[in-house]
Structures are given as structure tokens and as C-alpha cells.
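User: I would like a close look at a single part of this model, explained step by step. Please keep the wording plain.

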Amino acid sequence: MAYQLPTLKYAYDALEPFIDARTVEIHHSKHHKTYVDRFNAALDGQPALQAMKPEDLIANLDKVPEAIRTAVRNNGGGAINHSLYWDILGPGAGGEPKGKIGEAIAAEFGGFKAFKEKLADAAVTQFGSGWAWLVVNKEGKLEIIKTANQDSPLSMGKRPVLAFDVWEHAYYLKYQNRRPEYVEAFFSVINWRRVDELYWADQKPCSGCCC
Ligand code: MN
């Protein structure tokens, strides 16, 4: 079964004024869709790989034939990374995390303010196209990392619970070269309740939304 572009849980203008409607529309209906289409094209004629969860493919790229490995890494990564990005955003969100994720962030980073500074720094300093992430590492601890292009933390054995797209296509229409302004605005649309659910779910990060 082909991988599907997930439907957003909110309208394209729901993240205004922090992320503008035009950006969300193009980002979802063009950029994200292209990754999904190219991911499916890469898996064409590969029923065994098509039967695998996309997250499992990305977590086990060594099992993907070399001829399509780069296409799967880039486009499968792009497909699932964006699914998580949309999943953890929402209108009427932002603020400080509560619940278990709030406690874990306080314990691991010394408080939300320090966490926010660290995540923002990762997002601003990721050179070129890429992502900043809040992940659960192999020891079960929270960690902030960044990756280039569409590389997923899953390929490093880390489970992402928050995806922060810092490709220019995520912000350029509204913020142009001012990535730090987009980074600050992003914190106003993080749906921490969803991040909390993902943190606690002993399952793949996008279950239910896209697979
Ligand atoms: Mn993107």
C-alpha cells in the first residue's frame, strides 16, 4: 500500500500569525507531497519494502538495496519527518509543557527556559537545510539534536518526539532570511499535549496520523 500524505488536523491558516497560511499550504501540499510521491516511486516494484512501516525502513537503511537507498533516505525521511512536524503543531498551542514531558524536560535540561534556549540554538545554527529535534535516545533520555537534509533521528536509533523543520521553505515567504524570528514563532504553535503523548507512546512517532 502506498504511503499517504497525511491530512492536516487544522486549516492552513490555523497557525497564523506565527506560520502563515501560504507557507503551510505550499509546505504541505507541494513540498511534503513531493517527498511522499518520490518515496512511493522509489519503492515501486519492491513489495517487501512496501510492506514495512516507513519508520522501520528509515531506521534500517542498511536493509534497503543500495540502488534506492539514497532515494529512500531523502524522500522517506522527508515524508515521515514532515508528518511528525505537522502532528506536533497546532492552533491555540505553545506555552510551557505540562505532564510527563514537562517533568522530563525540567529534569533533563534544568527547566523550560534552558530547554527552549538549547532547542532554539540548534534550530538557528543548523547549517543549511535540515532539522532540529527533541528525541528519546537509546538510554531513554531526552536529547536535542540536529540533522542535515531529510535525515531522521530514527536512522541513529533515536526516537523523535518533536520535529523542527528549519529548511528555508518552512519560513522564507514570511521571514525571508530571518530564521531566528521563525524559530521564536515556532514555540507559539508547539502542541505540547501531543508531544507528551508521543513521549509516552512506546510506538512509532507518527502512529495514527499517516501510516
Ligand atoms: Mn519542510
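In what sense do strand E1 (residues 130-136) and E2 pair, and over how many bridges? Please go on from there to the rest of the sheet and what lies around it.

Analyst: The model is predicted. Strand E1, residues 130-136, pairs with E2 in the antiparallel sense, and the pairing extends over seven bridges. One place to find this pairing is Val136, whose bridge partner in E2 is Leu142. As general background, strands of a sheet pair through backbone hydrogen bonds, either parallel or antiparallel.

E1 also pairs with E3: six bridges join the two strands, which run antiparallel. Here Ala132 stands opposite Phe164 of E3. Put together, the three strands make an open sheet in the order E2-E1-E3, with antiparallel pairing. Strand E2 (142-148) and strand E3 (159-165) are the edge strands, since each pairs on one side only. From one strand to the next, the twist averages 25 degrees.

Next come the helices on the sheet. Helix H5 (residues 99-109) lies across E1 and E2, and its direction is at about 85 degrees to E2. Helix H6 (residues 112-125) packs on the sheet as well, touching E1, E2 and E3, but its direction makes about 10 degrees with that of E2. As for E3, this strand is mostly covered, with seven of its seven residues buried.

H5 has a further neighbour in helix H9 (residues 192-200): the two axes come within 7 Å and cross at roughly 80 degrees. An angle of 65 to 115 degrees counts as roughly perpendicular, so H5 and H9 are roughly perpendicular to each other. On the H5 side, the contact is made by Gly99, Lys100, Ile101, Ala104 and Ile105, and on the H9 side by Trp192, Val195, Asp196, Tyr199 and Trp200. Of these contact residues, seven are nonpolar, one is polar and two are charged.

The end of E3 leads to the metal site. E3 covers residues 159-165, and Asp165 is one of the residues that coordinate the manganese ion. The others are His27, His82 and His169, each through NE2, while Asp165 uses OD; the distances are 1.9 to 2.2 Å. Along the chain, the donors follow the spacing H-x54-H-x82-D-x3-H. The pair of His27 in helix H1 (residues 21-42) and His82 in helix H4 (residues 66-87) links distant parts of the chain, 55 residues apart. Buried means under 20% relative accessible area; His27 has 1% and is therefore buried, and His82, at 0%, counts as buried too.

Notes:
Residues numbered from 1 in each chain as written. Predicted model: local features only at pLDDT ≥ 70, side-chain atom pairs only at ≥ 80, totals over all residues. Heavy atoms only, no water. Donors = N, O, S within 2.8 Å, 3.2 Å for Na, K, Ca; no water. Helix = DSSP H or I, 4+ residues; strand = E, 2+ residues; numbered from the N terminus. Buried < 20%, exposed > 50% of the residue type's maximum accessible area, 1.4 Å probe, protein only. Pairing = 2+ DSSP bridges. Axes fitted to C-alpha atoms, helices over the stretch in contact; angles between N-to-C directions. Contact = heavy atoms within 4.5 Å. Parallel < 35°, antiparallel > 145°, perpendicular 65-115°, else oblique. Nonpolar A, V, L, I, M, F, W, Y, C, P; charged D, E, K, R; others polar.
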